[in-house]
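Trainee: Please give me a close look at one part of this model, with its pairing partners and the side-chain contacts around it. I should like one connected account, with the geometry stated wherever it is available.

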Amino acid sequence: MGWVSVCKVNYVKPDFPFSAQIDDKRIGIYIIDGEYFAMQDICPHANALLSQGFMDGETVECPLHGALFDVRTGQCLREPGDRDLETYPVRIKGDQIEVDLGVDSGG
């Protein structure tokens, strides 16, 4: 699929990630210490949107059952997450955040 524009940079806040549906993928966009990250937005345990979960530094906790994921790597840090999540390269072009959905860099 390659690089796709997801949202404007000002749509993403440190405690409020942005959720996007791109074709069949649900992607969460996060900002941590000024750096943007893209990760699957669906918890594999119960289909909850992780972007609606609880941010704590570099981790997001599923709002339903407390599974914990590292936003930078997609690694499941606490069950019942079931597995690691896919992460994607991010770049900024002007005021747009773009994600390369053709590359899975994790999970």
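Mentor: A residue counts as buried under 20% relative accessible area, as exposed over 50%, and as partly exposed in between. With that scale, Phe18 is partly exposed, because its relative accessible area is 21%. The model is a predicted one, and I shall take the sheet that begins with the strand of Phe18 as the part to examine.

That sheet is open and has 4 strands in the order 2-3-4-9, with antiparallel pairing. Its edges are strand 2, covering residues 18–22, and strand 9, covering 87–88, each of which pairs on one side only. From the first edge, strand 2 is joined to strand 3, residues 25–32, by 5 bridges, and the two run antiparallel. Within this pairing, Gly28 in strand 3 is the bridge partner of Ser19.

Strand 3 then continues the sheet to strand 4 through 6 bridges, again with the strands running antiparallel. Here Tyr30 stands opposite Phe37 of strand 4. The hairpin formed by strand 3 and strand 4 has 2 residues between the strands, and Asp33 in this hairpin takes a positive phi near 50°. Strand 4, residues 35–40, is mostly covered, with 5 of its 6 residues buried. On to the other edge, 2 bridges join strand 4 to strand 9 in an antiparallel arrangement; one partnership here is that of Ala38 with Tyr88 in strand 9.

The side-chain contacts begin again at Phe18. The structure holds 1 aromatic pair. The ring centres of Tyr11 and Phe18 are 5.7 Å apart and the planes stand at 40°, so this pair is tilted. The tilted class applies because 40° is neither under 30 degrees, which would be stacked, nor over 60, which would be edge-to-face. Tyr11 is partly exposed, with a relative accessible area of 44%.

Strand 3 also takes part in a charged contact. Side chains of opposite charge can pair when their charged atoms come close. Lys25 forms a salt bridge with Glu86, and the closest N and O atoms are 3.8 Å apart. Lys25 lies in strand 3, whereas Glu86 lies in the loop between strand 8 (76–78) and strand 9, so the pair ties together parts that are 61 residues apart in sequence. Both ends are partly exposed: Lys25 has a relative accessibility of 23%, and Glu86 has 22%.

This contact belongs to a wider set, since a search of the whole structure finds 6 salt bridges. Among them is one between the side chains of Lys8 and Asp95, at 3.8 Å from N to O. Lys8 is in strand 1 and Asp95 in the loop between strand 10 and strand 11, so that pair ties together parts 87 residues apart in sequence. Strand 1 belongs to another open sheet, one of 3 strands in the order 1-11-10, with antiparallel pairing. Its edge strands are strand 1 (3–8) and strand 10 (90–93), each pairing on one side only. Another of the salt bridges joins Arg72 to Glu58 at 3.0 Å, N to O, and Glu58, Asp70 and Arg72 are linked in a network of such contacts.

Technical notes: Residues numbered from 1 in each chain as written. Predicted model: local features only at pLDDT ≥ 70, side-chain atom pairs only at ≥ 80, totals over all residues. Heavy atoms only, no water. Pairing = 2+ DSSP bridges. Phe/Tyr/Trp six-rings, centres within 6.5 Å; stacked < 30°, edge-to-face > 60°. Buried < 20%, exposed > 50% of the residue type's maximum accessible area, 1.4 Å probe, protein only. Salt bridge = Lys/Arg side-chain N within 4 Å of Asp/Glu carboxyl O.
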